[in-house]
Amino acid sequence: MEKFVKFLNVIKKDICSLTDYKTRSRRNEYFYWYLASVLASLIIAIIVGFIMEFVSILGEIIISLFLIFIFVVSLPLGIRRLHDIGK
């Protein structure tokens, strides 16, 4: 249970630090964000698969918003990870 709470805290920290480009990100922060992105993508894909049967445009909007969100959070995280490895 402690690992799950740690996982959620790291994801929350990554989402809350959208404008922080100067500090560093540890390897586990980057890995946890990647893992959360993959799991969320699978869940979104399943949900959109059901929605697309009824309303196709709604599924496309959900996927587009999700991809924009993932990009907006991943960019500063990737930059902070590059800072951490010295680049």
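## Exercises on a predicted three-helix packing

Leu-75 is found in helix H3, where helices are DSSP runs of H or I with at least four residues, numbered from the N terminus. The model is predicted: local features need pLDDT of at least 70, side-chain atom pairs count only at pLDDT 80 or more, and totals for chains, interfaces and linings use all residues. Residues are numbered from 1 along each chain as its sequence is written, and side-chain values use heavy atoms, leaving out hydrogens and water.

**Exercise 1.** Assign Leu-75 to an accessibility class and give its C-alpha distance to Thr-19.

Solution. Step one is the cut-offs: buried means under 20% relative accessible area, exposed over 50%, and partly exposed in between (1.4 Å probe, protein chains only). Leu-75 has 39% relative accessibility and therefore counts as partly exposed. Step two is the distance: Leu-75 and Thr-19 are 56 residues apart in sequence, and their C-alpha atoms are 9.9 Å apart.

**Exercise 2.** Describe how H1 and H2 pack, and classify the angle.

Solution. First, take the geometry: H1 (residues 2–16) and H2 (residues 27–51) pack at about 95°, with axes 9 Å apart. The axes are lines fitted to C-alpha atoms, for helices over the stretch in contact, and angles run from 0 to 180 degrees between N-to-C directions. Second, apply the classes: under 35 degrees is roughly parallel, over 145 roughly antiparallel, 65 to 115 roughly perpendicular, and the rest oblique. H1 and H2 are therefore roughly perpendicular to each other.

Third, list the contact (heavy atoms within 4.5 Å). H1 contributes Lys-6, Phe-7, Val-10, Ile-11, Lys-13, Asp-14 and Ile-15, while H2 contributes Asn-28, Glu-29, Tyr-32, Trp-33, Leu-35 and Ala-36.

**Exercise 3.** Identify the residues of the largest nonpolar core and the element that gives the largest share.

Solution. Start from the criterion: a nonpolar core is a set of buried Ala, Val, Leu, Ile, Met, Phe, Trp, Tyr and Cys residues joined through side-chain atoms within 4.5 Å. The largest such core has 10 residues: Phe-7, Val-10, Ile-11, Tyr-32, Trp-33, Ala-36, Phe-66, Ile-70, Val-73 and Leu-77. Next, sort by element: H1, H2 and H3 (56–84) each give two or more residues. The largest share, 4 residues, comes from H3.

**Exercise 4.** Find the contacts of Phe-7 and Phe-69 beyond four places in sequence, and state the accessibility class of Phe-69.

Solution. Begin with Phe-7, which is in contact with Tyr-32, Leu-35 and Ala-36 when neighbours within four places are left aside. Of these, Leu-35 lies in H2 and counts as partly exposed at 32% relative accessibility. The C-alpha atoms of Leu-35 and Phe-7 are separated by 9.7 Å, at 28 residues apart along the chain. Turn next to Phe-69 of H3: with the neighbours within four places left aside, Phe-69 is in contact with Ile-15 and Trp-33. At 38% relative accessibility, Phe-69 counts as partly exposed.

**Exercise 5.** Is Ser-37 buried or exposed, and which residues does Ser-37 contact beyond four places in sequence?

Solution. Ser-37 lies in H2. Its relative accessibility is 10%, so Ser-37 counts as buried. Outside its neighbours within four places, Ser-37 is in contact with Phe-66 and Ile-70.
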